[in-house]
Amino acid sequence: MVTAGESLERDMLSKIAAAEVHEAKARYLRERAAREAVGLAGERAVAAVLDPLRSSGYRVLHDRRVPRSPANIDHLLVGPLGVVVIDAKNYAGKLRLCDDGQVLVGGRPHGREVDAVVGYAKAVEHSTRPKQPNVPVMPVVCFSQDVGLALPVPARGAMLLQLDQLLPWLMNGFPRLTPRQVWDLSEHLEMAHPSRVIHPSRDTTPPNLRRPAAPPVRRAAPARSRTPPVQRRVRSPAPGRPPRRSVSSLPFPLQLLLIALMLVVALQGVQAAIGQVHLPTAPPVRTTPVGTAPLSVSR
């Protein structure tokens with residue numbers, strides 16, 4: 001038995017269930033956006049330290065793709081020391097290195113993040129081999145907050161340091177690449193690891209390193225065929241003979257008259273052909289008048 005308002009109640013319950021699903025999705029998206037905002041603040045803090053190095057002969061590439069991977073490289077620094085792959089982390093808490101190689105920040109394990117930076121450095125090293133096979137590629141995890149590190153420490157194949165320790169660590173090495181090699185290598189890496197965000201291209205090459213622009217390549221127009229076109233041969237009438245006329249060139253009444261004459265001639269031909277055909281005739285039948293006796297033949 002159908003109760004009053006049953007369909008309305010069903011619609012109400014379905015809308016409440018849909019609202020709960022959307023609310024749960026909204027909470028998840030808000031939490032994820034909050035975490036990404038924290039990471040964005042860390043990346044921009046590291047970029048604010050790296051960008052002034054451009055005037056010292058360094059090339060800084062931000063937010064780069066990793067081939068065949070959805071991950072991204074926060075910062076690529078190409079300079080006289082080589083290539084530095086930097087992953088910015090905005091973690092709060094104290095860093096502690098365990099005996100088993102685990103990295104804890106604020107009591108939470110972050111060894112997988114360090115291993116990921118090492119993997120990014122291997123991908124960059126694979127990209128630099130065709131251009132500079134012996135250039136050093138160094139993975140670095142840079143913490144934008146104070147995690148209690150007195151000095152940079154190596155862990156799990158990467159260098160862990162704080163933001164205030166990044167510039168002194170970079171300046172302690174000795175140069176291995178010339179300015180031209182730095183520029184060529186950075187151009188190669190910019191193509192091998194494109195940006196995740198497409199911006200209009202701008203020429204940021206220093207004036208002393210700019211190459212002369214190549215002249216524009218002019219493509220030759222395709223050669224035209226010199227073969228003359230095939231002309232249809234038109235026969236000219238013989239001298240003294242009027243040109244031939246087709247039936248379609250005659251006026252319409254004359255066309256009808258000509259068609260009627262052709263039909264009459266055709267019918268006459270058919271009748272003549274039928275008259276020449278000899279059909280076989282049956283022998284005559286002898287008949288006797290009624291009331292007469294047949295004649296008897298006497299011998």
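Strands S1 and S2 are a good place to start in this predicted model: the two pair in the antiparallel sense, over 6 bridges. If you want a point to hold on to while you look, find Arg64, which stands opposite Ile73 in S2. S2 itself covers residues 72-79, while S1 takes in residues 59-65.

Before moving on, pause at two residues with backbone angles worth a look. Asp63 is placed in strand S1, and its phi is near 50°, a positive value in a residue other than glycine. Asp63 is partly exposed, with a relative accessible area of 25%. Follow the chain out of S1 and you meet Arg68, in the loop that runs between S1 and S2. Arg68 is not a glycine either, yet it has a positive phi of about 55°. Is Arg68 buried or exposed? With a relative accessibility of 81%, Arg68 counts as exposed.

From S2, the chain goes on into S3. S2 and S3 form a hairpin, with 2 residues between them. The two strands run antiparallel and are joined by 5 bridges; Leu77 stands opposite Val84 in S3. How many of the residues of S3 are buried? The count is 8 of the 8, so S3 is largely enclosed by the rest of the structure.

S3 also has a partner in S7. Here the direction is parallel, and 7 bridges join S3 to S7. One place to see this pairing is Ile86, whose bridge partner in S7 is Val140.

Now you can put the whole sheet together. It is an open sheet of 6 strands in the order S1-S2-S3-S7-S9-S8, and its pairing is mixed. Which strands lie at the edges? They are S1 and S8 (153-155), each of which pairs on one side only. As you step across the sheet, the twist averages 30° from one strand to the next.

Next, look at the helices that lie across this sheet. Helix H1, residues 6-50, lies across S1, S2, S3 and S7 and runs at about 10° to S2. Helix H2 lies across S2, S3, S7, S8 and S9 (158-162), and runs at about 145° to S7.

H2 has a helix neighbour as well. The axes of H2 (residues 111-128) and H4 (residues 179-192) come within 10 Å and cross at roughly 115°. The crossing in which H2 passes H4 is right-handed. On the H2 side, the residues that take part are Val124, Ser127 and Thr128, and they meet Leu185, His188, Leu189 and Ala192 in H4. Sorted by class, this contact of H2 with H4 has 4 nonpolar and 3 polar residues, and no charged ones.

Ser127 gives you a closer view of that meeting place. This residue lies in helix H2. Leaving aside residues up to four places away in sequence, Ser127 touches His188, Leu189, Ala192 and His193. Why does Ser127 count as buried? Its relative accessible area is 10%, and buried means under 20%.

There is a second sheet to find. It is open, too, and has 3 strands in the order S4-S5-S6, with antiparallel pairing. Its edge strands are S4 and S6 (108-109), each pairing on one side only. S4 and S5 (residues 103-105) pair in the antiparallel sense over 3 bridges, and Arg96 has Leu104 in S5 as its bridge partner.

Our last stop is a pair of rings. A pair of aromatic rings is described by the distance of the centres and the angle of the planes. The count for this model comes to 1 aromatic pair. Tyr91 and Phe143 form this pair, at 6.3 Å centre to centre and with 50° between the planes, which makes it tilted. The pair links distant parts of the chain, 52 residues apart: Tyr91 sits in the loop between S3 (82-89) and S4 (95-97), and Phe143 belongs to S7 (residues 137-143). How do the two partners stand towards the outside? Tyr91 is partly exposed, with a relative accessible area of 21%, whereas Phe143 is buried, with a relative accessible area of 3%.

Conventions
Residues numbered from 1 in each chain as written. Predicted model: local features only at pLDDT ≥ 70, side-chain atom pairs only at ≥ 80, totals over all residues. Heavy atoms only, no water. Phe/Tyr/Trp six-rings, centres within 6.5 Å; stacked < 30°, edge-to-face > 60°. Helix = DSSP H or I, 4+ residues; strand = E, 2+ residues; numbered from the N terminus. Buried < 20%, exposed > 50% of the residue type's maximum accessible area, 1.4 Å probe, protein only. Pairing = 2+ DSSP bridges. Axes fitted to C-alpha atoms, helices over the stretch in contact; angles between N-to-C directions. Left-handed = near helix turned anticlockwise from the far one by under 90°. Contact = heavy atoms within 4.5 Å. Nonpolar A, V, L, I, M, F, W, Y, C, P; charged D, E, K, R; others polar.
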